[in-house]
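Here is a short tour of a few features worth finding in your viewer. Keep the structure open as you read.

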Amino acid sequence: MPHTPRSAIPRARRARAALLACVVSGCLIAAGAPNPAVPLGIGDRLFPTLGNPGYDVLSYDLSFTYPGSNSKPLAAVTKIRARATERLESVNLDFAHGTVASVDVNGAPARFTTAGEDLVITPTASLPKGGAMIITVRHTSNPVPEKGREGGWVQTDDGLVMANQADAAHLVFPCNDHPSDKALFTFHVTAPNGYRAVANGLPVGTRTSGNATTWSYRTQHPMATELAQVSIGHTTVLRRSGPHGLPLRDVVPAQDAAQLEPWLAKTPAQIAWMEKKVGPYPFETYGLLVARARTGFELETQTLSLFEKDVFGNSAYPQWYVESIMVHELSHQWFGDSISPRTWSDLWLNEGHATWYEAQYAEETAHRPMEARMKAAYAFSDRWRATGGAPAAPQPPRKGQKIAIFRPSVYDGAALVLYALRQEIGRPAFERLERSWAALHRDGTSTTADFEQLASEVAGRDLSAFFQGWLYGGKTPPMPGHPDWKTNPV
Ligand SMILES: [Zn+2]
């Protein structure tokens with residue numbers, strides 16, 4: 001999923017920019033007043049200013065009003081319920097692509113300014129450690145991408161969808177934009193009659209008033225901001241039942257429903273296949289959101305994966321390949337969504353597993369041998385490590401580099417690590433590990449170290465040396481059981 005990265009601006013320049021922003025917006029810095037606004041982050045190695053310290057978001061309540069055009073700003077209200085984890089004089093949210101009209105904290109108007117890609121809020125009184133806060137931001141949300149910056153709202157033929165991974169949710173709504181802070185979400189989307197709005201989770205009602213209808217949805221499980229999804233368009237919802245009566249709903253352009261139906265009908269069996277591998281499906285619903293848009297990627301937005309319409313029925317893509325991509329996004333519901341990465345350097349846990357099940361599905365249903373794919377990946381692995389970093393030590397995104405952190409090293413390069421692990425500990429232990437991992441970390445966030453520890457426990461021996469080489473090494477270690485496999489020269 002290529003996205004234009006945000007760059008790490010050196011601290012000194014950031015501080016000066018923040019001061020300038022403060023001067024132009026006319027805020028006063030009196031003696032004894034809090035420090036001037038600066039953009040903060042939680043210290044993610046790859047995205048230093050994503051997320052913010054000092055609080056834990058419990059829930060987001062997002063209201064959007066769609067004006068009937070996908071090139072005009074939406075009116076929006078973002079209500080954040082959070083708990084301070086330290087005493088706070090001010091609160092930073094990530095937000096960068098809309099105009100803020102007002103901010104309230106616990107019902108009282110608060111001062112606000114911008115610093116870098118942060119909205120810095122100063123309540124009238126400081127917030128005590130452990131204190132609850134409700135922050136209400138009235139703002140616009142601009143669906144027209146900034147030049148050279150992708151992600152956030154995606155314009156479709158007749159409306160909008162979202163693609164926020166990795167660092168673009170804050171182009172849509174103010175938030176703590178990092179997957180380590182998951183929260184529950186409620187959405188209220190108002191659109192002119194004739195449009196339909198769908199979001200993550202289950203519907204909780206619609207209300208029509210005059211020429212517009214408000215559609216509401218709520219997630220039953222915590223979710224990372226990067227996985228939020230809202231579709232607004234002339235869509236149809238196709239409903240069906242999955243394993244154990246799991247309600248499934250696909251959201252598709254109305255005119256494409258008949259053509260897409262044979263593809264969408266494959267989902268229940270794919271979920272059953274995944275459940276056999278790793279255990280129960282982790283959420284309240286699933287489905288595909290098929291959009292008439294050009295993104296260049298598909299995206300595992302929680303309970304409702306985003307696909308480009310052109311993927312289906314395109315002669316460039318064989319049927320087995322399209323099905324394996326459907327399984328890739330489906331498997332992310334376990335790996336990446338239910339279990340979120342604690343930091344973006346843990347991305348290989350998302351993409352490695354999704355690529356693994358994509359390849360295994362192709363092996364079992366379409367006779368595309370996993371071993372051949374892994375042998376080919378092995379040949380490229382040293383080059384991938386040299387250009388993008390080892391799977392668990394990805395190089396930071398560079399400005400203007402569209403592919404950001406989504407490089408082969410975290411896809412087939414990381415699936416290759418799982419293959420090596422299976423070779424090392426044997427198939428039964430590997431399959432036990434996968435099931436335990438999915439069950440233990442459900443609805444949580446986890447790190448590479450957590451995975452290493454569980455693998456060692458399941459294998460009954462210390463695997464740290466194995467993981468050191470495979471996850472962090474500049475060179476690909478020898479493949480257990482295949483001493484003849486060779487890497488191409490870098
Ligand atoms: Zn993926």
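Strands β6 and β7 (residues 118-122) run antiparallel and are joined by 5 bridges. Within this pair, Phe-112 has Ile-121 of β7 as its bridge partner. Please keep in mind that you are looking at a predicted model.

Zoom out a little and the pair becomes part of an open sheet of 3 strands, in the order β3-β7-β6, with antiparallel pairing. The edge strands are β3 (91-94) and β6 (111-115), each of which pairs on one side only. From one strand to the next, the twist averages 25°. As a reminder, strands of a sheet pair through backbone hydrogen bonds, either parallel or antiparallel.

Another antiparallel pair is the hairpin of β13 and β14, which has 2 residues between the strands. Gly-210 in this hairpin takes a positive phi near 65°. To find your way along the ladder, look for Pro-203, which stands opposite Tyr-217 in β14. Is β13 tucked away or in the open? Of the 8 residues of β13 (residues 202-209), the number buried is 0, so this strand lies largely in the open.

The two antiparallel pairs can be set side by side:

| Strand pair | Residues of the second strand | Bridges |
|---|---|---|
| β6 and β7 | residues 118-122 | 5 bridges |
| β13 and β14 | residues 212-218 | 7 bridges |

Next, have a look at Ser-141, which lies in strand β8 (residues 132-141). Is Ser-141 buried or exposed? With 25 other C-beta atoms within 10 Å, Ser-141 is buried, because 20 or more are enough to count as such. Leaving aside neighbours within four places in sequence, Ser-141 is in contact with Phe-64, Pro-73, Leu-74, Ala-76, Gly-98, Val-172 and Phe-173. Of these partners, take Phe-64: Ser-141 and Phe-64 are 77 residues apart in sequence, yet 8.2 Å apart in space, C-alpha to C-alpha.

Finally, turn to the helices. Helix α8 (residues 427-440) packs with helix α9 (residues 448-459) at an angle of about 135°, and their axes are 9 Å apart. That angle makes α8 oblique to α9, and the crossing is right-handed. On the α8 side, the contact is made by Ala-429, Arg-432, Leu-433, Ser-436, Trp-437 and Leu-440. Helix α9 contributes Phe-451, Leu-454, Ala-455, Val-458 and Ala-459. What kinds of residues make up the contact of α8 with α9? They divide into 9 nonpolar, 1 polar and 1 charged.

Technical notes
Residues are numbered from 1 along each chain as its sequence is written. This is a predicted model: local features need pLDDT of at least 70, side-chain atom pairs count only at pLDDT 80 or more; totals for chains, interfaces and linings use all residues. Axes are lines fitted to C-alpha atoms, for helices over the stretch in contact, and angles run from 0 to 180 degrees between N-to-C directions. Helices (H or I, at least four residues) and strands (E, at least two) are DSSP runs, numbered from the N terminus. Angles under 35 degrees count as roughly parallel, over 145 as roughly antiparallel, 65 to 115 as roughly perpendicular and the rest as oblique. A crossing is left-handed if the near helix is turned anticlockwise from the far one by less than a right angle, and right-handed if clockwise. Two residues are in contact if their C-beta atoms, placed from the backbone, lie within 7 Å. Ala, Val, Leu, Ile, Met, Phe, Trp, Tyr, Cys and Pro count as nonpolar, Asp, Glu, Lys and Arg as charged, and the others, Gly among them, as polar. A residue is buried if 20 or more other C-beta atoms lie within 10 Å of its own, exposed if 12 or fewer, and partly exposed in between; C-beta atoms are placed from the backbone. Two strands pair if DSSP finds at least two bridges between them.
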